[in-house]
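User: Could you take a close look at one part of this model for me? I'd like a connected walk-through rather than a list.

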Amino acid sequence: MISPSAQYDLVFVGAGHSHALALRMLAMKPIPGVRLTMVSPDSLSAYSGMLPGLIAGHYTLDDTHVDVYRLCQASGCRFVQASVTQLDPKKRQLQLSDGSQLAYDWLSLDVGATPDLSPIGNGHASVVPVKPVASFYTRWQQLCRDAGGQTPSLAVVGAGAGGTEMALAMAHHFQNRQQAAEIELITGGDLLPGFPASVRAKMRQRLQAHNVTLHTHSRVHGDAQQQLHRGDQPLTAQWVLWCTGVRGLAILEDSGLECDERGFVRVTESLQTLSDTRIFAAGDCAAFPIPLPKAGVYAVRQARTLADNLRAAIQGQPLAAYRPQSRFLSLLSAGGKDAIASRGGNLSLAGHWVWRWKDHIDRAFMAKFDRQLPAMSTAPAD
Ligand SMILES: Cc1cc2nc3c(=O)[nH]c(=O)nc-3n(C[C@H](O)[C@H](O)[C@H](O)COP(=O)(O)OP(=O)(O)OC[C@H]3O[C@@H](n4cnc5c(N)ncnc54)[C@H](O)[C@@H]3O)c2cc1C
């Protein structure tokens with residue numbers, strides 16, 4: 001239940017990883033006198049770590065998505081199903097896609113990133129960005145239906161963790177159906193940049209075993225006739241999955257908030273935006289003082305600092321700094337129920353048991369949102 005005596009409106013924009021967790025934390029220990037509102041275009045929010053498993057057929061849609069509507073209900077948070085189309089920090093007001101406006105006293109942004117299609121230009125019907133996940137998944141299901149008994153040809157652009165896992169997941173999907181598919185994985189650099197050589201070697205074996213053709217140091221670009229090329233070769237795949245290069249959403253730069261050169265909103269170590277002390281940002285949409293990879297692990301770890309600092313800022317208390325971890329456990333899925341683990345250094349481990357470990361961690365993360373949360377108290381909690 002929402003406190004009838006709420007003095008402040010704290011509005012969350014985007015139900016990404018940081019916000020889902022921060023909301024859960026604030027539900028357990030509410031901020032007195034604060035009304036919470038979540039603005040999200042979808043009532044489900046994808047957990048990226050399980051997305052390749054959804055495509056491979058290991059998980060259902062429910063397994064891999066946080067039910068944001070239910071989380072809000074359990075947290076005493078208003079849920080507004082809409083996108084923010086404009087943010088006006090001077091008026092402290094949001095313009096929403098349904099035509100309405102929403103005022104806030106304190107604002108938190110976790111809107112993720114958007115694919116940067118500038119190397120090929122927009123308007124290629126065959127190109128499908130992996131984000132937003134909801135529209136990607138609909139297109140994927142359509143492709144599977146259209147493919148019928150034919151041999152689909154797919155190109156995945158970007159051989160970072162996400163692109164490599166997706167190429168293998170798609171290959172596994174078709175192998176499982178005993179359907180031939182031509183799948184290529186293309187990158188302008190090397191396979192899995194930033195990962196240890198032993199992880200790259202294990203992943204190369206798995207790509208081979210799944211008949212995924214790897215093209216490294218080969219850029220995809222578009223020409224004036226809207227034809228796509230890989231290096232100097234025409235790219236003939238029916239379907240191109242864009243898993244590389246992201247930038248900030250236009251609403252961030254358009255708002256006048258200070259952003260970096262890729263359009264991500266600049267924040268301090270406390271996740272407060274540089275331009276406006278009443279606005280915080282976390283996850284991919286935030287440009288932290290030390291550049292961080294756009295990875296869900298950071299969005300997840302920032303949730304605690306975000307929740308604590310929103311509380312502190314509203315209550316006039318000092319803010320704490322978020323300290324990013326220098327190394328973290330990385331678990332990459334490899335098509336079937338197989339995964340590769342690494343944690344800095346050159347050591348890596350792989351196999352079915354690593355997949356079961358990853359599956360356990362991912363399911364434990366999702367289970368946090370299934371457990372019943374205490375309804376938001378109307379009485380001051382602290
Ligand atoms: C295939 C794939 C696999 C990946 N696997 C991993 C992995 O294993 N580990 C890892 O660490 N990272 C992984 N990543 C990276 C990871 O997806 C991102 O870093 C992570 O999702 C960022 O989380 P976030 O909280 O910033 O935002 P997101 O999870 O991107 O969520 C942003 C939310 O904002 C909402 N939104 C967008 N625009 C608006 C708007 N205008 N108004 C309101 N709401 C809006 C969206 O609907 C979305 O729900 C993977 C990425 C891909 C593509």
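**A close look at H10, H4 and S5**

Analyst: Let's start with Ile361, which sits in helix H10. Keep in mind that this is a predicted model. Ile361 has a relative accessibility of 35%, so it counts as partly exposed. Ile361 also belongs to a nonpolar surface patch of about 430 Å², together with Leu329, Leu349, Trp353 and Trp357. Helix H10, spanning residues 352-367, is the top contributor to that patch, with 3 residues.

Now over to helix H4, residues 68-75, where Val68, Leu71, Cys72, Ala74 and Ser75 are buried. Those residues lie on the same side of H4, because the arc they cover around the axis is only 165°. What do the buried residues of H4 pack against? Their partners are helix H1 (17-28) plus four strands: S2 (34-40), S3 (44-46), S4 (65-67) and S5.

The ends of H4 are worth a peek too. At the N-terminal end, Asp67 acts as the cap, with a side-chain oxygen 3.3 Å from the backbone nitrogen of Tyr69. After H4 comes Gly76, with a positive phi near 65°.

That brings us to S5, which covers residues 78-81 and includes Gln81. Setting aside neighbours within four places in sequence, Gln81 touches Ser40, Pro41, Asp42 and Ser43. With Pro41, a polar atom of the Gln81 side chain lies 3.1 Å from the backbone oxygen. As for Asp42, it is 39 residues away from Gln81 along the chain, yet their C-alpha atoms are 6.3 Å apart.

How values were computed. Residues numbered from 1 in each chain as written. Predicted model: local features only at pLDDT ≥ 70, side-chain atom pairs only at ≥ 80, totals over all residues. Heavy atoms only, no water. Helix = DSSP H or I, 4+ residues; strand = E, 2+ residues; numbered from the N terminus. Contact = heavy atoms within 4.5 Å. Polar contact = N/O pair within 3.5 Å; in protein donor to acceptor, adjacent residues only side chain to side chain. Buried < 20%, exposed > 50% of the residue type's maximum accessible area, 1.4 Å probe, protein only. Arc of directions from axis to C-beta. Patch = residues over 30% accessible without salt bridge, like charges linked within 9 Å, V, L, I, M, F, W, Y side chains within 5 Å. Areas by Shrake-Rupley, 256 points an atom, 1.4 Å probe, with all protein chains shown as cover. Salt bridge = Lys/Arg side-chain N within 4 Å of Asp/Glu carboxyl O.
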